[in-house]
Structure formats: structure tokens, C-alpha cells
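Work through the exercises below with the sequence and the model open. Each task is followed by a solution in steps.

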Amino acid sequence: MAEKGRFIARLNAGRPARYDDADGGSRQVFDHRFRAADGTLYAIRSSGPEDLAVDRVRAPLTSAVASFCPSGARCG
């Protein structure tokens, strides 16, 4: 698998990926890609310092993803 494919697979596995930011040091990132109820494709990313608790990095992403799916609709 190409390097890009491995990176995307890690992002979609529910665990944060790690990268080094020139200004902010080591970071962790969650990336979520999905199709909204109207069929539009979206990608949402949440990142934070590597030493921040994973739940605190994931929480904004979870809230943002939930806001794209209307009550009663199936989004994914």
C-alpha cells in the first residue's frame, strides 16, 4: 500500500494519526470522511498537541459530524 493509503487507513481506523508541525511540534489528528443525508461528501479534521488526551481531540470532531446528520436520517 502506498504511503498515502497507509496514512488514510490510520485516520479512518478511529485512532489519531501523528504528524510533526513545524510551528506546533508533534500533533495528533482525526480525519472523518462521510456522505451527508443529501449525498454531499464531507471531510472534517480535528487536531491537537500530541500530549492532549485523545478524547479531547476527538470530541469537537464528533460534535461536528453529528451536526451534519438530521434527526432520523442515516448518514455515513
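The exercises concern a predicted model.

**Exercise 1.** Determine whether Ile 44 is buried or exposed, and list what it touches.

Solution. Start with the location: Ile 44 belongs to strand β3, residues 41-49. The relative accessibility of Ile 44 is 13%. Buried means under 20%, so Ile 44 counts as buried. Leaving out residues up to four places away in sequence, Ile 44 has contacts with Phe 30, Asp 31, His 32, Phe 34, Leu 61, Ala 64, Val 65 and Phe 68. For Val 65, which is 21 residues from Ile 44 along the chain, the C-alpha separation is 7.4 Å.

**Exercise 2.** Classify Arg 27 as buried or exposed.

Solution. Arg 27 sits in strand β2, residues 25-35. With 18% relative accessibility, Arg 27 counts as buried. Among the residues it touches are Tyr 19, Asp 21, Ser 47 and Glu 50.

**Exercise 3.** Find which residues salt bridges join into one network.

Solution. The structure has 4 salt bridges. One of them pairs Arg 18 with Asp 20 at 3.1 Å, N to O. Arg 18 also bridges to Glu 50, with the closest N and O atoms 2.7 Å apart. Arg 18 is in strand β1 and Glu 50 in the loop between β3 and α2, so this pair ties together parts 32 residues apart in sequence. A further bridge links Asp 55 and Arg 58 at 3.7 Å between the closest N and O atoms. Both of these residues lie in helix α2, 3 residues apart, about one turn of the helix. Through shared partners, Arg 18, Asp 20 and Glu 50 form one network.

Notes. Residues numbered from 1 in each chain as written. Predicted model: local features only at pLDDT ≥ 70, side-chain atom pairs only at ≥ 80, totals over all residues. Heavy atoms only, no water. Helix = DSSP H or I, 4+ residues; strand = E, 2+ residues; numbered from the N terminus. Buried < 20%, exposed > 50% of the residue type's maximum accessible area, 1.4 Å probe, protein only. Contact = heavy atoms within 4.5 Å. Salt bridge = Lys/Arg side-chain N within 4 Å of Asp/Glu carboxyl O.
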